[in-house]
Amino acid sequence: MKDQARVVIIGGGITGCSIAYHLTQMGCEDVIVIDKGELTSGATFHAAGLVGQLRASVNITRMLKYSVELYSRLEEETGQHTAWSAVGGLRIALSKDRMEELRRSAAMAKTFGLPMELISPKEAWDLFPVMEKKGIVGAAFLPTDGQIDPSGVTYALAQGARNRGATIYTDTRVTGIKLKNGAVEEVLTEKGNIKTEIVVNAAGIWAPKIGEMVGVAIPLIPMEHQYIITKPIKGVKKGMPTMRDPDLLVYFREEVGGLMMGGYEHNPIPWALDGIPRDFTKTLLKSNYEHFEPLSVLAMKRVPSIGNAEIVTLLNGPEAFTSDGDFIMGEAAEVKNFFIAAGFCAHGIAAAGGVGKMMAEWIIEGEPSLDLWRLDIRRLGAHHRSQPYTIKRATEVYAHHYSMSWPYEEMASARPLRTSPLYSLLKKRGAVFGEKYGWERPNWFAPKGVAPKDKLTWGLPNWFEYVAKEHEAVRTKAALIDQTSFGKIEIKGKGSLSLLQKMTDNQMDKPIGSTTYTQMLNEKGGIECDLTVTRLAEEQFYLVTGTAFIKHDLSWIRKHLPTDGSISVADVTSSNACITLCGPESRNILNRLIGEDLSNQGFPYMACKEITLGCAPALALRITYVGELGYELHIPIEYALYVYEALWEAGNPFGLINAGYRCVDSLRLEKGYRYWSGDISPEYTPFEAGLDFCVRLDKGDFIGRKVLLTQKEKGLTRKLCCLTVDSGPLMPVGKEAILEGDKVVGIVTSGGYGHTIKKPIAYGYLPIDYSKPGIRLQIEVAAKRYEATVEKEPLYDPENLKVRG
């Protein structure tokens, strides 16, 4: 066995072999794949082999589209039989609500470049003639979906990797991984050790065990998943599409003249919570007929003939599910050069081609060509290390697999978990909470007599009118917003200023007491972090970022730290509460509690000041995310309740209210404030995002500066634009198509309703020729097309008189 390699991939399933295939395709031939059993001996060999493409994210859909492109040519390239068949995918609806979901899916598919079409019950029956038409309202068909032999395609990928120099060792168990200076150094196996620069954990349901070897949590849960295979059934023909009936929780595909049928029950069974047996290799779980029976009954409603078919087997195999239903990919924040690709939530076969390509790019080029933040392991926080939390969430994800995908729906399990000191008080005052990164955050406030609960609907949400009132109060009076969940970072030590100057695009060398809005860029000029930086001392800075981005941003900063330990970086999120006081009356309210000069001269916009609020110390930043005069009040956590009550009492005469994040979103859209992971991401530069005012090219060198200089010289080809929609109240939520006629020219990055301007608002990147204010386009919202206008932004207070007032 070789004793060294540049890359060692642990796991010989479809994912590991795809990564090896793509690494060697990119010229990295010094690759070893290790598996404790045979290739495909984990979840791959018992996967159902359905290959669907449409997901809720454009970039994940692009990944799955690439899988289809790869699978369609892989057999010819390698000579290995894959049984790829582009039979198409059929999804049926049994209710008006489900048909509305399909309508929206078809519109989104068009946005993503997929030829999904809506068809009648008769057309659906023609495609899948063994099904019962009764009860079907309509259907959607995607002709480019298909099915494949999971083992066959894995062996084809392995052959392709071998042909270009990769080495594969089977029956070789990994026993440990050695680290040196916080990076991987050596993989230990029962047959010898391998020195290596990079380790990829593609071990499927064993990924958590491999992660433990280096202290990296991989939060996934194996869930039992069953399906039957029948002997040939009359009327079942080769070439029939795969068929999903989400209302009955079941799926079907043709298998040698018979049917494969499985489903996603609402009461799934987690498996091996005390650890996977050592000898569990190419092994199935015991068939659980009693648990599968309810799905069988539902399946017979759709395909009655399956009730009389002879069953070849009821197959039960564990599938890895994550706590949010998204994959776990990327480099671990805790260990350098330790990469993960696991937790595919029953989409492993469909995703593997694209996952292999993205992981190879991540390893060789330092980042994938698509923004995959939604899948990035750095989205997972400390609470994800908890097995009870992951079990509850993964169970909900599995049970929800075929449930309706309502707009604004929140997950319900493992809540409340992280709460601000104001949680109980705000709940008593009508707060309806959403959850982000484990934090309970007030989304909106129900007035007296109104049930404090979201009602899921395809139409205007039940909170629309109440958020409108919160919005109006912020614009005309004042509001308190609990933003304790903000990520907060402290950087200090000799060289801190130089570090931040190198990492940010804005000028950091400002007087002590200054607050600066800035971005941190990658080498391609893309926006890695979007945050505020407050200078507390010569070499001490306080950074504030979005709730869910704290681990990501910390990882990015730590990656660029000097190795001598001169600079310390600390996550102080849980140390400080943050209460935002905003609105035109906010200065008057604050004046009642402190004896400081709060005038524009005494406390200007984008400044910070240490103040005493009644009896409590606070760091006040004169900045808000709503486009009004306001203050972020950062308070030691133990003073939060006292400060809130003092502000509430002082604000009574001024009409002070509570406001939530739904209101914040409406306010920030009117003001043109960007949201990282939606409007801005590593795929876009500050110039493209309309953040030119943050860029200081003359301050000296910084990461991404060369790209920005070139872009400034050559000009932009695309730009983030604000559009208003010609309609009544309407809620674009993102991912809608922006069209000129039938041509898709852009995709909505974020949207909502502007309650001050009384119009729906959408943001999206457009080719530069379409970016001029006044250009008329169309936006497809909820599968209906509306006229829209490109606007000069911001729509509200373009002179910034309010925030500077």
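**Close-up 1. A hairpin joins strands E13 and E14**. Four places matter here: the two strands, and the turn, where 4 residues lie between them. Leu-249 sits in that turn with a positive phi of about 70°. This is a predicted model: local features need pLDDT of at least 70, side-chain atom pairs count only at pLDDT 80 or more, and totals for chains, interfaces and linings use all residues. Residues are numbered from 1 along each chain as its sequence is written, and side-chain values use heavy atoms, with hydrogens and water left out. Strands are DSSP runs (E, at least two residues; helices are H or I, at least four), numbered from the N terminus.

**Close-up 2. Strand E13 has neighbours on two edges**. Strand E13 covers residues 242-245. Two strands pair if DSSP finds at least two bridges between them. E13 and strand E14 (residues 250-255) run antiparallel, joined by 3 bridges. Asp-245 has Val-250 in E14 as its bridge partner. Strand E4 (residues 89-93) pairs with E13 in the parallel sense, over 3 bridges. There, Arg-91 is matched with Arg-244.

**Close-up 3. Both faces of E13 are covered**. Thr-242 and Arg-244 are on one side. Met-243 and Asp-245 are on the other. All four are buried (under 20% relative accessible area; exposed is over 50%, partly exposed in between; 1.4 Å probe, protein chains only).

**Close-up 4. Gly-487 is buried in strand E22**. The strand spans residues 487-492. Gly-487 counts as buried because its relative accessibility is 0%. Beyond neighbours within four places in sequence, its contacts (heavy atoms within 4.5 Å) include Leu-543, Thr-545 and Thr-573. Met-404 is 83 residues from Gly-487 in sequence and 32 Å away in space, C-alpha to C-alpha.

**Close-up 5. Ile-557 belongs to the largest nonpolar core**. A nonpolar core is a set of buried Ala, Val, Leu, Ile, Met, Phe, Trp, Tyr and Cys residues joined through side-chain atoms within 4.5 Å. This one has 53 residues. Ile-489, Ile-491, Met-520, Leu-543 and Ile-557 touch the most other members. Leaving aside neighbours within four places in sequence, Ile-557 is in contact with residues including Leu-499, Met-503 and Val-569. Another core, of 52 residues, lies apart from it; Ala-20 and Ile-168 are among its members.

**Close-up 6. The largest cavity has a volume of about 80 Å³**. A cavity is a set of points on a 1 Å grid over the protein atoms alone, where a 1.4 Å probe fits but cannot get out. Points are joined across faces, edges and corners, and the volume is the space filled by probe spheres set on them. Lining residues have an atom within 4 Å of a point. Among them are Pro-407, Asp-454 and Trp-463. The model has 7 cavities of 30 Å³ or more.

Notes:
1 Å grid on protein atoms, 1.4 Å probe; cavity = no way out; pocket = protein on both sides within 12 Å on 5 of 7 lines; lining within 4 Å.
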